[in-house]
Protein chains: 2
Amino acid sequence: MVDRRSGVPAFRQVAADLRQKIAAGDYAPGAQLPSERELVDTYGVSRPTVRDAVNLLRAEGLVTSEHGRGVFVRPPASIQRIARSRLSRAARERNRGAFLADAAARGFTPSASVKIRFEQADGRTAAHLAIDEGAEVTVRDRVMRADGLVVQLAVSRLPRELTRDTAIEQVDTGPGGAYARLEETGHRIGSYVEHVGARMPTPDEASLLQLADGVPVVTITRVAYGEDGTPLEMNDMVLAADRYELSYEWPAE
Amino acid sequence: MVDRRSGVPAFRQVAADLRQKIAAGDYAPGAQLPSERELVDTYGVSRPTVRDAVNLLRAEGLVTSEHGRGVFVRPPASIQRIARSRLSRAARERNRGAFLADAAARGFTPSASVKIRFEQADGRTAAHLAIDEGAEVTVRDRVMRADGLVVQLAVSRLPRELTRDTAIEQVDTGPGGAYARLEETGHRIGSYVEHVGARMPTPDEASLLQLADGVPVVTITRVAYGEDGTPLEMNDMVLAADRYELSYEWPAE
DNA sequence: TCCGTCAACTCATCAGGACGTCTTGACGAG
DNA sequence: CTCGTCAAGACGTCCTGATGAGTTGACGGA
């Protein structure tokens with residue numbers, strides 16, 4: 001029952017109580033919460049108030065509601081790891097590319113849809129690739145799946161000069177992926193930089209990645225540099241935050 | 001005006017239209033959206049429907065609403081960077097610790113509140129530190145501020161044996177921070193591993209970090225290893241995703 | 001036994017109204 | 001000119017009431 005004199009809005013009190021019960025294990029992961037009607041009786045509030053409370057918990061990623069079934073406590077996500085070593089030349093020689101290698105090693109059946117297009121560099125792309133704004137870039141737009149489920153979106157951009165007459169402008173880049181093709185044409189990779197952030201998904205991303213409410217996406221912008229420091233490739237990746245954990249390792253200096 | 005026969009819920013149509021107008025620049029960053037009353041007239045829906053639409057945009061982090069003032073387009077966040085080099089010994093010798101060094105270099109006035117306590121290791125801590133579950137650990141619970149604003153939460157855990165009779169069990173760890181004290185007692189750091197993820201904040205975190213709705217947090221678990229591979233310290237950090245971008249760099253192998 | 005029907009239960013959506021609090025700015029008293 | 005008052009308009013909260021749509025399981029017919 002809510003306290004009307006506390007000054008705390010009723011729907012927040014309901015949300016706080018449910019949140020506490022979930023944390024305490026009264027409602028275990030995967031368990032169903034009482035129906036809206038029951039919550040109305042339990043707390044002595046109206047149904048929209050109960051719905052506001054549930055909406056809050058959903059935005060926090062604590063519960064998901066299923067139309068016609070009920071509201072359920074979100075089970076903890078199964079976490080996958082992406083190690084820095086997935087980009088090593090050794091791994092590249094054994095496989096077709098970073099993502100396919102990673103997924104195969106984990107026992108998933110990976111697949112990817114690729115669309116190639118050519119663009120003029122916008123300001124951000126120009127800055128990352130150290131080229132002029134408006135210069136032509138090759139864009140590889142990929143949707144990666146594991147066992148049919150979309151798990152990652154990636155948009156790769158390279159200066160057009162680096163990809164002309166190479167398999168990078170083809171849907172299938174061949175063994176070792178685009179990085180292998182770059183190195184074959186004399187552009188040996190010297191280092192990588194990854195910029196990592198997080199935000200809420202756009203509706204498109206939420207739908208593609210089949211994200212539940214309250215699940216953010218992790219964004220990674222990776223830039224590959226040549227041994228002389230020239231930027232060779234920029235790769236914008238979007239991952240579901242509840243399905244991925246990134247790991248980075250480096251020696252103390 | 002919404003299309004009642006399209007099957008798409010009215011509040012989603014309103015949200016989509018507003019989202020498109022924001023993306024197109026009709027409502028610029030920082031600009032005020034029409035009031036709820038105006039939106040009711042514009043789209044021909046009731047006020048709860050308009051509110052549902054605005055709530056959706058807020059959960060996406062696109063807008064913030066201010067009581068008594070209106071609803072505003074969220075301006076793009078000012079991004080800070082954390083480079084791997086902030087953990088170098090050279091930086092440590094010049095400063096008091098990673099966070100204070102970072103903030104000072106950026107022109108902020110940094111401050112931090114620290115609470116020390118001792119715990120028994122839970123399963124996760126035991127796994128990361130390679131110690132027995134239940135073994136005693138020293139916990140440093142820190143709230144970091146820049147110009148008075150809370151920007152980062154950090155909970156550091158070390159095996160108690162490593163901290164006994166050192167300044168690590170004091171609020172002020174002295175010049176160079178806890179890592180410098182560890183190295184002084186013969187525990188030279190060999191490598192770091194960071195595990196990066198993202199999720200929606202708990203209500204506590206949202207309040208401490210003054211997070212707007214729809215802003216996720218980035219979580220970092222950093223483990224520092226000795227030169228022999230022994231885990232020395234585990235540090236759980238929580239950052240506002242709209243105020244930080246992480247950068248990692250490594251040479252190609 | 002099997003399977004289709006259908007009632008009952010679930011959440012999703014929407015309307016319309018009421019009252020509260022907060023912010024802003026006009027305006028008048030000093 | 002300054003400052004406090006106050007009304008208007010903004011969002012916040014909460015209610016009652018209604019309809020729609022998806023899911024499940026009991027039940028009865030084949």
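**Exercise 1.** In this predicted model, determine how strand β5 (residues 136–146) of chain A is joined to β6(A), and describe the turn of the hairpin.

*Solution.* Step 1: β5(A) and β6(A) run antiparallel and are joined by 10 bridges. Step 2: to fix the register, take A:R140, which stands opposite A:S156 in β6(A). Step 3: the two strands form a hairpin with two residues between them. In the turn, A:D147 has a positive phi of about 55°.

**Exercise 2.** Identify the pairing of β6(A) with strand β9 (residues 231–240) of chain A, and explain why β6(A) is largely enclosed.

*Solution.* Step 1: six bridges link β6(A) to β9(A), in the antiparallel sense. Step 2: within this pairing, A:Q152 has A:L239 of β9(A) opposite. Step 3: a residue is buried if 20 or more other C-beta atoms lie within 10 Å of its own. Eight of the 11 residues of β6(A) (residues 149–159) are buried, so the strand is largely enclosed by the rest of the structure.

**Exercise 3.** Characterise the contact between chain A and chain B, beginning with its residues and ending with the strands that pair across it.

*Solution.* Step 1: chain A and chain B contribute 31 residues each. Step 2: on the side of chain B that touches chain A, β7 (189–199) and β10 (244–251) each supply at least two residues. The largest share, 11 residues, comes from β7(B). Step 3: by class, this side of chain B has 15 nonpolar, eight polar and eight charged residues. Step 4: β7(B) also pairs with strand β10 (residues 244–251) of chain A, antiparallel and over six bridges. There, A:W250 stands opposite B:Y192.

How values were computed
Residues are numbered from 1 along each chain as its sequence is written. Chains are lettered from A and ligands numbered from 1 in the order in which they are written. This is a predicted model: local features need pLDDT of at least 70, side-chain atom pairs count only at pLDDT 80 or more; totals for chains, interfaces and linings use all residues. Two residues are in contact if their C-beta atoms, placed from the backbone, lie within 7 Å. Helices (H or I, at least four residues) and strands (E, at least two) are DSSP runs, numbered from the N terminus. Ala, Val, Leu, Ile, Met, Phe, Trp, Tyr, Cys and Pro count as nonpolar, Asp, Glu, Lys and Arg as charged, and the others, Gly among them, as polar. Two strands pair if DSSP finds at least two bridges between them. A residue is buried if 20 or more other C-beta atoms lie within 10 Å of its own, exposed if 12 or fewer, and partly exposed in between; C-beta atoms are placed from the backbone.
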